[in-house]
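Here is a friendly walk through one structure, written for someone who would rather be at the bench. Keep the view open beside the text and follow along.

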Amino acid sequence: MTISETILRAVHINKSFSNPVYVQVLQDINVSVSRGEFVSITGKSGCGKSTLLYILSTLDTDFTGDLFIDCQPMRGLSEKQLAKVRNEKIGFVFQFHYLLNEFSVIENVMLPALKLNIHAEEVIRDHALRKLEILGIKSLADKKASKISGGEKQRVAIARALINNPSIIMCDEPTGNLDKTNSLIVFELFKEITEKEGLTLLVVTHDQEFANRTHRIIEMEDGRILL
Amino acid sequence: MNIRLLVRIAFSLLLARWKQSLVAAIGVTFSITMFIALLAFMTGLNDLLDGLILNRTPHIRLYNEIKPNNLQPIIQDSIFSKKYNFIRSVKAGNSRQEVYNSQIIITTLRQDKRVQGVAPKITTQVFFNEGKVNITGIINGIDVEAESRLFSFTDYVVEGNAIDLKNVNNSIILGKGLAEKLLANIGDVVQVTTANQQQFSLKVIGYFQSGLVDIDKVQSFATLSTTQKIVGKPSHYITDIQVRLYDLNAAPSIAKEYAQLFETEAEDIQTANAQFETGSFVRSLISYAVGITLLIVAGFGIYNILNMMIYEKMDSIAILKATGFSGRDVNRIFMVIALSIGLFGGVVGLGFGFLFSVLIDQIPFNTASLPTITTYPVNYSLAFYLIGAVFSIVTTWLAGWAPAQKASKVDPVVIIRGK
């Protein structure tokens, strides 16, 4: 790896609620993630790790401080521009799979790429099939999303996160709903993706075992990062 | 923008809830059907009722009114020009009802490009002698051909042939009510006495039924020349010149122009029959009000289904927004859903509306006062279908607007964190 290239940089991030009482959720958070890193954020429930992830992923814009993705400042971008940034540069994997039940597996994977609208549909279909192949579920491509198992659904969700070759993949408890075997499969997939494809991963988890095997752990407590 | 993708997503959401969507669409279909059928029937009825009077009424009628002259001699004399004068009990000095220079006026009118046709007419009051009793009636001296062409005269001759009026000397067509009073059958001869005590025998060759009983009890028709003979006037004697224009709405202004040009009275159809327009207007208004009410109800149906869909599809909206669809995209998806329901329901509704109109058109409708009508009147104007189509799109757009706004404002963080 050459000089580490910063994909994500957050500077002096603060977030607070004042309703009904004043609560400081995040306090002066400074994070940066380099290309090819597999980073996990851990901490107890309510420490603000998910809140941080949503801020870093531009879904939550109600904060103070600065956020850069691919050196591009996120502050001041419109809702539409942020949507475009997420579409191009961020892949999401949540605890719940959020597949569209009306669509087939492959259509679910293709959806963000169709939205991006750079390649023709046939090309996107090929890409999607390749992603499904990496995740070992190519045979499910034409099944309805509602007809496959929980572990498979989560793998489809990962394929969907990969489809636009994002700069960074953000995961919120990606193994939270899975049993031991499936968790292991997902972890191995993540590891493989970062190492083989050179992708960057930022994972929020309270699964210490999972976190221990990542490149770097960011531990949080009461809205701060513990060093 | 990738509209095709949004439409694809919209349709999959729509089909996932196709039963509810269908019910919402049926609501639109029902209201558009009723709207079309109601308007077609109401307008058909309007046309019929208006036609009862308007088709037989000249757009402009030129005549001479018996009234005192506005220009009394004292006004014309310069000696009194700066004085006030009061004249009481002024009488009409000229009792002639004749339209002066009628032949020239008719020739001039026929050359006017705005005029569809001209029909001269003589009206005179007579007594029909029935034994010892005299029955008052009116004889209209008409040009049968012009009258048939311009005012559908033949439509209202229920027995006998209108053109016989021209072929048979001294013939008359009696109003149905009048004929019943006189016990006159076709082929019989009736006696008439004019205001000048002249007696005439006229042969009955047909009955006339206008649909208005009061008219049928007094009116009768003869040719111009027969009538001229009855009143003892020469062949240029004409009391009315009836004008039919191409554009009915121009009647008032053209009437004014003619009054000046020909120095006669000129009455336009709008002044003569103002109440009919009011009636038509109110009936149309009621039809539109009912149609729009139905559509608004259908609009609430669409509003409901969309709201339900949004609650059900919160997860889908959240992930769409997380993976790069903007609020505007989500808004469009739901607007596409609303509009497709409206469009589908609307188009089917227009079809059913047409079928319904055809059905109404087949229902027998026989009434003694309307001899030419055998089924319920229906108007197939394209305008109703256009209005119906526009209304269905506008209502569904309005019904979809609020839910679509709501969907576009869904915060994915709230949904995803809530899991």
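The report below goes through the sheets and a helix of chain A, then turns to chain B and the contact between the two chains. Please keep in mind that this is a predicted model.

**The mixed sheet of chain A**

A good place to start is the open sheet of 6 strands in chain A, with the order β6-β7-β8-β3-β9-β10 and mixed pairing. At its edges are β6 (90–93) and β10 (224–226) of chain A, each of which pairs on one side only. On average, and with direction ignored, neighbouring strands of this sheet are turned by 25 degrees against each other. In general, strands of a sheet are held in pairs by backbone hydrogen bonds, either parallel or antiparallel.

Several pairs from this sheet are listed here, each with a residue pair to look for in the viewer.

| Strand pair | Sense | Bridges | Residue pair |
|---|---|---|---|
| β6(A) and β7(A) | parallel | 4 bridges | G91(A) and I169(A) |
| β7(A) and β8(A) | parallel | 5 bridges | I168(A) and T200(A) |
| β3(A) and β8(A) | parallel | 4 bridges | I41(A) and V204(A) |
| β3(A) and β9(A) | parallel | 5 bridges | G43(A) and M220(A) |

I169(A) is a handy landmark: it stands opposite G91(A) on β6(A)'s side and opposite L201(A) in β8(A).

How many of the residues of β3(A) are buried? The count is 6 of the 6, so β3(A) is largely enclosed by the rest of the structure. F38(A), S40(A) and T42(A) point one way from the strand, while V39(A), I41(A) and G43(A) point the other way. β7(A) tells a similar story: 5 of its 5 residues are buried, so this strand too is largely enclosed by the rest of the structure. From β7(A), I168(A), M170(A) and D172(A) point one way, with I169(A) and C171(A) pointing the other way. D172(A) is buried along with the others.

**Helix α6 of chain A**

Next comes helix α6 (residues 180–197) of chain A. Its 18 residues should span 26 Å at 1.5 Å a residue, and the end C-alpha atoms are 25 Å apart, which agrees.

Which residues of α6(A) are buried? They are S183(A), V186(A), F187(A), F190(A), I193(A) and T194(A). These residues cover an arc of only 120 degrees around the axis, which puts them on the same side of α6(A). The face turned away from that buried side carries the exposed residues T181(A), E188(A), E195(A) and K196(A).

What do the buried residues of α6(A) pack against? Their partners are β3 (38–43), α5 (150–162), β8 and α7 (208–212) of chain A. Two of these, β3(A) and β8(A), belong to the mixed sheet described above. Just after the helix, G198(A) takes a positive phi of about 70 degrees.

**The antiparallel sheet of chain A**

Chain A also has an open sheet of 4 strands, in the order β2-β1-β4-β5, where the pairing is antiparallel. The edge strands here are β2 (23–34) and β5 (72–73) of chain A, each pairing on one side only. Between them, β1 (residues 6–17) and β4 (residues 64–69) of chain A pair over 5 bridges in the antiparallel sense. For a pair to pick out, L8(A) has I69(A) in β4(A) as its bridge partner. Helix α1 (residues 49–56) of chain A lies across β1, β2 and β4 of chain A and runs at about 125 degrees to β1(A).

**Chain B and the contact between chains**

In chain B, F300(B) sits in helix α12 (residues 274–312). Is F300(B) buried or partly exposed? It has 13 C-beta neighbours inside 10 Å and therefore counts as partly exposed; a buried residue would need 20 or more. F300(B) and L398(B) are 98 residues apart in sequence, and their C-alpha atoms are 9.7 Å apart in space.

Finally, the two chains meet in a contact that takes 22 residues from chain B and 23 residues from chain A. On the side of chain B that touches chain A, α1 (3–16), α13 (314–322), α14 (327–362) and α16 (412–418) of chain B each supply at least two residues. The largest share, 6 residues, comes from α13(B). Sorted by class, this side of chain B has 10 nonpolar, 7 polar and 5 charged residues.

Note on methods
Residues are numbered from 1 along each chain as its sequence is written. Chains are lettered from A and ligands numbered from 1 in the order in which they are written. This is a predicted model: local features need pLDDT of at least 70, side-chain atom pairs count only at pLDDT 80 or more; totals for chains, interfaces and linings use all residues. Two residues are in contact if their C-beta atoms, placed from the backbone, lie within 7 Å. Ala, Val, Leu, Ile, Met, Phe, Trp, Tyr, Cys and Pro count as nonpolar, Asp, Glu, Lys and Arg as charged, and the others, Gly among them, as polar. A residue is buried if 20 or more other C-beta atoms lie within 10 Å of its own, exposed if 12 or fewer, and partly exposed in between; C-beta atoms are placed from the backbone. Two strands pair if DSSP finds at least two bridges between them. Axes are lines fitted to C-alpha atoms, for helices over the stretch in contact, and angles run from 0 to 180 degrees between N-to-C directions. The expected span of a helix is 1.5 Å times one less than its number of residues. The arc is that of the directions from the helix axis to the C-beta atoms.
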